[in-house]
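Here's a friendly walk through one protein model. Take a look at the sequence and the 3D view before reading on.

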Amino acid sequence: MEVSSMSSSHINGNYIEGSDTGFHIPSKMMIQDITMELHCSLCKEWYRDPLMLSCGHNFCQACIKEFWKVQTRETFCPQCKMLCQHSNCTYNLVLEKLVEKIKKLQLIKGQPQCPEHGETLKLFSKQERKLMCFQCKDIRLSMGESKEFLQISDAFHILSEELTIYQGQLEASLKELQSLKNMQQDAIAESKFLHSKEKDIQNDLMEEWKVLSEEMEHNLKQLQEQCFLAKDMLVSIQKRMEEKNHYDFLNDIKQLFDSLEQTTMTLEPRQLISRSLNPGQFKGPIQYRTWREMQSILSPGLSPLTLDPKTAHPNLLLSKNYTSVWHSDIKQALTDNPERFDSSVAVLASQGFTSGKWYWETEVANKTKWTVGVAKESIVRKGSCPLTPEQGFWLLRLRNRTDLKALDLPACILKLTKKLDKVGIYLDYEEGQVSFYNAKNMAHIYTFSSIFVEKLYPYFCPCLNDSGENKEPLYIVHPQ
């Protein structure tokens, strides 16, 4: 299509009609045909400063001048070969304005052009992991290359599924890495702590401790680096998965997959390094006494939590100072606000956490069953809901006085060797850690590892009173 002047919007029998009452939007095929006609045949790009020759053909001003510059004979039209003089060329203002208007149409946005051939990118090469046009495909096939080409929508779905697989693998690796890292930090802390407390009896073990400490520190550094790497790749996957535009999703995706393949190999192998220096000297009573001595200066110390009555189930009664809760057979007439549990007989603390390290203790003595732990702010509070980490719960549960279980996926049955009168709960928000301890001797019970992205609240469920058999309240222990 050659354009010398245009006073109406009639184009090859197709109309883009404008009026005071509305307009007809041209089809995508029509727009593609028009855009091809508005590209200079010399540079294959949109017309820039178009000149119309005496024969009626149009070219970019810079393109036709360069073409004539290399000619040793008369200047002629590159298309029809008609002799033309520069002095007879006319600047085509109408064509320039038409190019600008067509480029702004929404119908051609989001359809990037092939930088080599100027065609719309409508194919995706599975082997090269890049967008291509049909000319790209024809060239590769003519060269005898075996290539698999996909439609854009098919490529989007296939690669989305591949990214989802990588996402699952990385999340599993990160969870394992964080758990190992937390255990490694505990092992290092225990080793250093005992080392400093037992100087008078460890001279013979000094060299062994030094070697072990260096080995554990080195392993911790590697685990931390692997955690950062896994987190970075998860962020990259999440950002790409949130991309709704198929072209932007697939653009440069080969680099992402190359990084993912390299990262998954880098995350192996993983191991925990923890060896006792001398079980006979450093385990048992010495550890227990040291914990009791240091309890008053522990950081973090006990958090003075209180219960939030707005969240309490109607059958729960709270003490006046909001530090204990128990179940009643009489259901109270309370406002059914969004924060309140209406199925689980539970209550949250008034204090929520979005960062930092926190430790609190809950007295559970003489109770036959209870559930305590941590829950995120957006948990389901109306009706029943699985009490799992995937739903925003990190909980420890007791049933039948001795049946202790961590409500992980899958649930972990724990062996209760000693009576559990007081549960210690430790939250490290940045490290994604929720740990449970026997607060009497600080014996570790269970640790959850996750990634926290919203506010977390301490969770308390005294369970049903069972006709008085489980009437004892849950108490939040406050600092003396």
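What follows covers the empty spaces, a helix, a set of strands and a few single residues.

Keep in mind that this is a predicted model.

**Empty spaces**

Let's start with the gaps. Rolling a probe the size of a water molecule over the atoms shows where empty space is left. The second largest pocket holds about 650 Å³ of space. Its lining counts 22 residues, and those that lie nearest the centre are E171, P389, E390, S450 and I451. Helices α5 (152-197) and α6 (206-241) and strand β19 (443-449) each bring at least two residues to the lining of this pocket. Of the elements, α5 gives the most, with five residues. Sorted by class, the pocket's lining has eleven nonpolar, four polar and seven charged residues.

There is also one cavity of 30 Å³ or more, and the space in the largest cavity is about 60 Å³. Among the residues lining the largest cavity are F341, V380, R381, C385, F393 and Y459. By class, that lining splits into six nonpolar, four polar and one charged.

**A helix with two sides**

Next up is α8, which runs over residues 253-266. Its 14 residues reach 20 Å from the first C-alpha to the last, close to the 20 Å expected at 1.5 Å a residue. Which residues of α8 are buried? They are I253, L256, F257, L260 and T263. These buried residues sit on the same side of α8, because they cover an arc of only 125° around the axis. Here's the general background: an α-helix has 3.6 residues a turn, so residues three or four places apart point the same way. On the face of α8 turned away from the buried side, you'll find the exposed residues Q255, Q262 and M265.

**A strand with two partners**

Now look at β14, residues 393-399. Five of its seven residues are buried, so the rest of the structure largely encloses this strand. β14 pairs with β13 (residues 370-376) and with β15 (residues 403-406). Here are the two pairings next to each other:

| Strands | Sense | Bridges | One bridge pair |
|---|---|---|---|
| β13 and β14 | antiparallel | six bridges | A375 and F393 |
| β14 and β15 | antiparallel | four bridges | L398 and L404 |

F393 turns up twice in this tour: it is the bridge partner of A375, and it also helps line the largest cavity.

β14 and β15 form a hairpin with three residues between the strands. In that hairpin, N400 has a positive phi near 55°, in a residue other than glycine. Is N400 buried or exposed? N400 is exposed, because its relative accessible area is 59% and the cut-off for exposed is over 50%.

**A few more residues to find**

D466 also has a positive phi, near 50°, and is a residue other than glycine. You'll find D466 in the loop between β20 (456-461) and β21 (474-477). D466 counts as partly exposed, with 31% relative accessibility.

Where is P410? P410 lies in the loop between β15 and β16 (412-414). The peptide bond leading from L409 to P410 is cis, with omega near 0°.

Last comes I237, which has its place in helix α6. I237 counts as buried, at 0% relative accessibility. I237 and L163 are 74 residues apart along the chain, while their C-alpha atoms are separated by 6.7 Å.

Conventions. Residues are numbered from 1 along each chain as its sequence is written. This is a predicted model: local features need pLDDT of at least 70, side-chain atom pairs count only at pLDDT 80 or more; totals for chains, interfaces and linings use all residues. Side-chain values use heavy atoms; hydrogens and water are left out. On a 1 Å grid over the protein atoms alone, a cavity is a set of points where a 1.4 Å probe fits but cannot get out, and a pocket is an open set with protein on both sides within 12 Å along at least five of seven lines; lining residues have an atom within 4 Å of a point. Grid points are joined across faces, edges and corners, and a volume is the space filled by probe spheres set on the points. Ala, Val, Leu, Ile, Met, Phe, Trp, Tyr, Cys and Pro count as nonpolar, Asp, Glu, Lys and Arg as charged, and the others, Gly among them, as polar. The expected span of a helix is 1.5 Å times one less than its number of residues. Buried means under 20% relative accessible area, exposed over 50%, partly exposed in between (1.4 Å probe, protein chains only). The arc is that of the directions from the helix axis to the C-beta atoms. Two strands pair if DSSP finds at least two bridges between them.
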